[in-house]
Amino acid sequence: MSADELERRYRRLLAVYPWEHRRAYEDEMLAVLLADARPGQTRPSVGDAVNLLGAGLRARLRVGARGFTEPAWADAAAVTGVLVALVLFAAAGWSLVDQAVPDPLLPPPVRPGGPDQVDWLRVGGWAAVLVAALVGLRRVAAGLAWAGVAAWVVLVGSSVTGQPAYVIGTLPQFALALLAAGTLTLPAPPRRALRLLGRRGLGAFTLAAVLPVGVLAASRLGHPTADPADGNPWYSFHGLYARSPLVILLFLAVLGLAAVAVLFGLAALDPRVRWRLVVLLSPVAALTLLIDTPLAGEVVDALGLYTIPLAVTRWAALVLVPTMTFLAGLVLLRRRKATPTLPPTQTTTPKPPTP
Amino acid sequence: MLLGMTDSPMREPTFLVLTALAETPQHGYAVIEDVLRISDGQVRLRAGTLYAVLDRLRADGLIEVDREEVVQSRLRRYYRLTALGAARLADEVARLRRNADAANRRLRRAGLLPQGGTA
């Protein structure tokens with residue numbers, strides 16, 4: 001009875017090992033552990049428990065690290081580097097438009113005075129990263145992306161104590177820059193991303209990145225003025241302005257087209273690359289969603305008169321939620337890979353009953 | 001010159017496991033007992049450590065499965081050294097001997113060795 005109890009407890013401890021290891025060694029290890037047990041022993045010794053847990057977790061890490069050496073991860077990294085550079089280029093363009101043609105409803109004291117050198121540098125820098133990555137100058141692209149990361153740390157990160165809300169608001173862009181720099185640093189054959197995306201896929205993603213910036217520019221350029229003397233009616237919908245509701249609908253249709261273009265681009269990718277791309281981008285998506293909730297960002301009261309400083313738990317959430325999202329994505333990807341594909345069902349025509 | 005993975009100095013458990021398998025194929029529990037004897041009671045491998053070493057040595061082609069037995073409804077898998085494993089162990093023995101000889105010579109020259117002793 002005590003041997004059964006001990007075996008059950010050892011099996012529970014051995015569950016910490018990855019399944020490949022358990023399949024190869026579990027029965028054998030159990031035999032060794034039971035042979036080494038004292039007569040009447042019912043519980044694993046503390047030393048054995050610590051040793052098994054440590055060795056099991058190390059084995060899991062080894063298996064996890066080995067997974068990242070698969071060619072599909074290198075391909076996904078190459079594609080991610082290019083697409084994230086494209087997104088950052090579009091974001092820089094958006095920011096430029098926002099500065100050049102400010103929101104008409106902003107009161108003049110807080111209205112931006114126009115783009116500065118940093119805004120132009122951002123657009124030019126990410127355009128250069130994108131072009132360098134596409135033409136196969138991976139190291140140049142990676143170097144420029146790392147320069148972008150360093151620029152954020154110096155220009156934005158340094159004001160974390162004075163303006164934490166501003167710093168946190170730009171964290172998704174920082175995370176994207178870090179992702180672009182990291183993925184472009186990984187070795188890949190020249191123009192690999194372009195081959196994987198295909199011209200149509202790249203075209204679709206480019207359209208998806210450029211269209212929203214175009215909509216913003218069109219909306220701002222054709223915007224109504226906040227002048228009370230302007231008697232013409234105008235319409236607003238989530239930051240889009242137009243003289244006619246039809247134009248608002250047109251803007252929404254263009255944004256819908258951008259969304260379709262993203263789906264088209266994703267569908268054109270090899271599924272192994274597509275799901276890894278989603279997993280690589282998931283921490284940034286989680287971070288963005290988290291910042292949009294009052295959970296992690298600096299809380300501002302309804303009148304905007306005072307801010308509640310960030311607590312340690314909120315900072316921890318900013319780190320832990322994206323990390324956990326990435327790990328959950330890895331687990332799902334692994335399960336998806338481990339799920340056996342059933343062979344096609346053989347259909348047989350029933351024989352007619354013999355008379 | 002940078003050392004490759006297979007040329008880097010062996011960790012003690014790896015060295016002792018290879019030594020235990022050098023003479024005859026052995027199963028896991030026998031390896032643990034043999035390592036205890038070889039190390040003069042200094043090293044008692046736990047199952048987690050032993051199977052991490054065995055898994056890595058198998059992956060590197062230094063050992064292989066000799067045979068499997070079921071004794072009292074428990075699996076016993078016997079491992080043996082491969083030719084590559086024997087060569088790697090011999091290299092490690094030579095390396096350790098060189099280092100030990102160098103230490104011995106220096107201690108002797110400095111007059112720090114006890115009379116007739118070897119380091």
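**Entry 1: burial and fold of chain B**

I began with burial in chain B of this predicted model, where I find that buried residues make up 26% of the 119 residues. I then went through the secondary structure and noted four helices and three strands in chain B, which follow one another along the sequence in the pattern α-β-α-α-β-β-α. I also looked up how far apart in sequence the contacting residues of chain B lie: among contacts with a separation of 6 or more, 42% are between residues 24 or more positions apart.

**Entry 2: helix α1 of chain B**

I turned next to α1(B), residues 12–23, and listed its buried residues as B:T14, B:F15, B:L16, B:V17, B:L18, B:A20 and B:L21. Following these residues outward, I see them pack against the strands β1 (26–27), β2 (63–71) and β3 (74–81) and against the helices α2 (28–38), α3 (47–59) and α4 (83–109) of chain B.

**Entry 3: the side of chain B that touches chain A**

I looked up the contacts between the chains and recorded 14 residues of chain B in contact with 19 residues of chain A. On the chain B side, α2, α3 and β3 each supply at least two residues, and α3(B) gives the most, with six residues. Sorting the residues of this side by character, I noted six nonpolar, three polar and five charged.

**Entry 4: α2(A) against α2(B)**

I then examined helix α2 of chain A, residues 19–35, which packs with α2(B) at an angle of about 50°, the axes being 8 Å apart. Because an angle of about 50° falls outside the ranges for roughly parallel, roughly perpendicular and roughly antiparallel, α2(A) is oblique to α2(B). The contact joins A:E28, A:V32 and A:A35 of α2(A) to B:G28, B:Y29 and B:I32 of α2(B), and I count its residues as four nonpolar, one polar and one charged.

**Entry 5: α2(A) against α3(B)**

My last entry concerns the packing of α2(A) with α3(B), for which I noted an angle of about 140° and axes 11 Å apart. These two helices are therefore also oblique to each other, since only angles over 145 degrees count as roughly antiparallel. I recorded the crossing of α2(A) and α3(B) as right-handed. Here A:H21, A:Y25, A:M29, A:V32 and A:L33 in α2(A) meet B:A47, B:Y51 and B:D55 in α3(B), a contact whose residues divide into six nonpolar, one polar and one charged. I add that A:V32 is listed in the contact with α2(B) and also in the contact with α3(B).

Note on methods:
Residues numbered from 1 in each chain as written. Chains lettered and ligands numbered in written order. Predicted model: local features only at pLDDT ≥ 70, side-chain atom pairs only at ≥ 80, totals over all residues. Buried ≥ 20, exposed ≤ 12 C-beta atoms within 10 Å, placed from the backbone. Contact = placed C-beta atoms within 7 Å. Nonpolar A, V, L, I, M, F, W, Y, C, P; charged D, E, K, R; others polar. Axes fitted to C-alpha atoms, helices over the stretch in contact; angles between N-to-C directions. Parallel < 35°, antiparallel > 145°, perpendicular 65-115°, else oblique. Left-handed = near helix turned anticlockwise from the far one by under 90°.
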